[in-house]
Amino acid sequence: CVFAMEEADKTAPSVTDRYYTRWYKTDMKGKPCEDHCILQHSNRICLITLAETHPILQNGRKIKNINYKISDGCSRLNNKVSGKSKRGGQFLTEFAPLCRITCTDNMEYTVFSCIRGRLLEVNEDILKHPDLLLEKPSTDGYIAVILPKLEESKSITNGLLTREQYEEVVSKRTSQQQEPC
Amino acid sequence: MLSLKEKDRPIIRKLLDAGCCGRCVLRFCCVGKYSSYQLSIEVCVALVVRMLFLRSSDPTQTEDPPSKKLKLETLQAGDDGGTETLTANAEPKVQSEICVACLGVLQDFCDQSYTTQVIIEVLFIFPKLHQSYILLLDNFMLITPGVKIQAVQFGLIFLLIIFQSSVLKSYMSFCIPQSGFEVSVGFTHAETDGDCHFLATTCSDCFKPTKNKASVFTRMAVVKALEKISDQKFLSNYPCPPVHPATRCTPLDTTLLHASVFIAGRYNKFSRELPQTPWVIDGERRMEGSVEELIAGPLLSSFRADGFNFSSSGREDVDVRTLGNGRPFAMELLNPHRARFNKAEIRQLQETINTSSDKIRVRDLQIVTREAMGRMKEGEEEKTKTYSALIWTKKPITHTDLDFIKNIKELKVDQKTPLRVLHRRPLAVRQRVIHSMSASFLDTHHFKLQLHTQAGTYIKEFVHGDFGRTKPNLCALMDSEVDILELDVESVDVDWPPAVPE
């Protein structure tokens, strides 16, 4: 049983494949190609990440700055949760900004929550190592962890696209010969 | 004699005026002489009242006016000795009223007929009782409102009087102390049920909300609240002396229980599709069977128990096997109708469990004490474990790529709460130690990894890194994406329960 894994491994499901469902939000807030990918665990916890088509990940861009301070009164770094019920976490709606990322070409992008839920943590590793976001956007370079309300855990994906739907949207873009973002 | 003193007189007066029965007066005066309580209730009262009229400091000398003189000899003659009824003028009338402190339990329910009734109920269920067991009448609780002085414990007095019963004595020829057999005698009193409820608003921090139907007003909680509340606050919420009860207590059915039996052992789990405890979500069973049910089945039927509580020294995931000597566990069997088994019978039970399923195996099965559970739980926090894991690597590897692994000793790992349990655990960083590791090459993308780690280390997350939230992790150490395909627990290093030679 141990060695039977060999052939299967070429396409062996990763941790993400095994435990998470991928959902997508494309053209966030109407901005072309600013696509987000939400990884939803079977226990309802969601990871917010950049989808592979996001402009930050294109054309060899480099990151100048990541700022979790989204307004004078609010920094996502101040988010503190305690206890099993995660009291104290900032409650987010779909269009709540998580952080602002500035690239070396001075393009600025805002990453949004995309779902309703309580913010558990933001990824502070990318502050120290922004390249993580570029190299591993779907794993170590995640942006934030959000816990939806128990009663909303199924409905939060209502406004999101499945992997298949996302791929359709993306292929329509290239066929319409839009400028790469 | 009653052993009451002159200094007790004002208290006696107050208690009698408040409506206490004779035995409760004795309790609140801290009379330690048990024989005093075993006098009949009428005699008790008479002697108590008599105390009020003694004039000298010597309790044996009386200067009573002749009309109130009571003959000591008559009083001490025994249970039904002709006691003169007291003249009514100055004495409080206590005999016919229900006692405000014991609600009648120490008045009516200690007499012969009630005791006999209880014993008959017990014997009806266990005809051979008189040959084997001692009756241990369980203490039961009664909150004594309004009187916050030290008193002789209520339950103790009840037992004292009951044990006097000649009916009971004839069945106590075979006494086995601490047999574990419990007879529960209780009373309800609807009239005063809500009396202590005001404590929930005045001392709300003493009362924890309960999820099941059980009452919030547990004995411990109420005692705690009574200690906390100030006298003034108490008096503003509750009349002192308390209101005279209009009704007496109702006796509850006598219940018979056997104290729980604890069975311990170690289990192996050979299946990767078996949860340790039943997997139920929203009332639906997600996977058939569980380790605890497979072990409990034969035990429940042999011990004829009503239910069980399963606990173990840590646990493993559904898809993880437990090999080696297995994981220590203990099972509390509730109300076993059969509690005594010899070593051969326990061995037989172990065999039965082992032949009933090939998914688990049990060893070192034995009966243990309740205290033993603590030893098992300490293993969960403190003892080490060893694992073996099947690792897949994205990058192709050679033998030499694995050499560095055996040189890693006492590796400190910071683990943020894994995402897969974060929905039900607090967010925190836990530092754990991986004491040592070794690796065996299998092929260019696989190897076997052995680890010896501190208790509480998340192995799967150490391997794949959990989105970088466990650092260091194997991906980083090997500079390649890696994943864990299989995990086995090789040993749980707890030296309990003691090994049972086969």
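Modeller: Let's start with a term: a salt bridge is a side-chain nitrogen of Lys or Arg within 4 Å of a carboxyl oxygen of Asp or Glu. This is a predicted model, where local features need pLDDT of at least 70 and side-chain atom pairs count only at pLDDT 80 or more, while totals for chains, interfaces and linings use all residues. Residues are numbered from 1 along each chain as its sequence is written, chains are lettered from A and ligands numbered from 1 in the order written, and side-chain values use heavy atoms, with hydrogens and water left out.

Colleague: Okay, what makes B:Arg469 and A:Glu121 a salt bridge?

Modeller: Their side chains meet N to O at 2.9 Å, and the cut-off is 4 Å, so the pair passes. Between chain B and chain A the count is four salt bridges.

Colleague: And how many residue pairs are in polar contact across that interface?

Modeller: The rule finds eight, both residues at pLDDT 80 or more. A polar contact is a pair of N or O atoms within 3.5 Å; within protein, one must be able to donate a hydrogen and the other to accept it, and residues adjacent in sequence count only if both atoms are side-chain atoms.

Colleague: Which strand gives chain B's side the largest share?

Modeller: That's S16(B), with four residues. Strands here are DSSP runs of E, at least two residues long, and helices are runs of H or I, at least four, numbered from the N terminus.

Colleague: How many residues does each chain bring to the contact?

Modeller: Chain B brings 25 and chain A brings 32, with contact meaning heavy atoms within 4.5 Å. The two chains bury about 2,300 Å², 59% of it on carbon and sulfur atoms. Buried area is the accessible area (1.4 Å probe) that two parts lose on being put together, summed over both. On chain B, the residues losing the most area to chain A are B:Leu419, B:His423 and B:Phe467, together 29% of what that side buries.

Colleague: Away from the interface, why is B:His258 called buried?

Modeller: Its relative accessible area is 13%. Buried means under 20%, exposed over 50% and partly exposed in between (1.4 Å probe, protein chains only), so B:His258 counts as buried. B:His258 lies in strand S4 (residues 255-258) of chain B.

Colleague: What makes a nonpolar core?

Modeller: It's a set of buried Ala, Val, Leu, Ile, Met, Phe, Trp, Tyr and Cys residues joined through side-chain atoms within 4.5 Å. The largest one has 37 residues, and B:Leu4, B:Ile12, B:Cys20, B:Cys24 and B:Val25 have the most contacts inside it. Its largest share, six residues, comes from H4(B). A second, separate core of 35 residues includes B:Ala264, B:Ala372, B:Tyr387 and B:Ala389.
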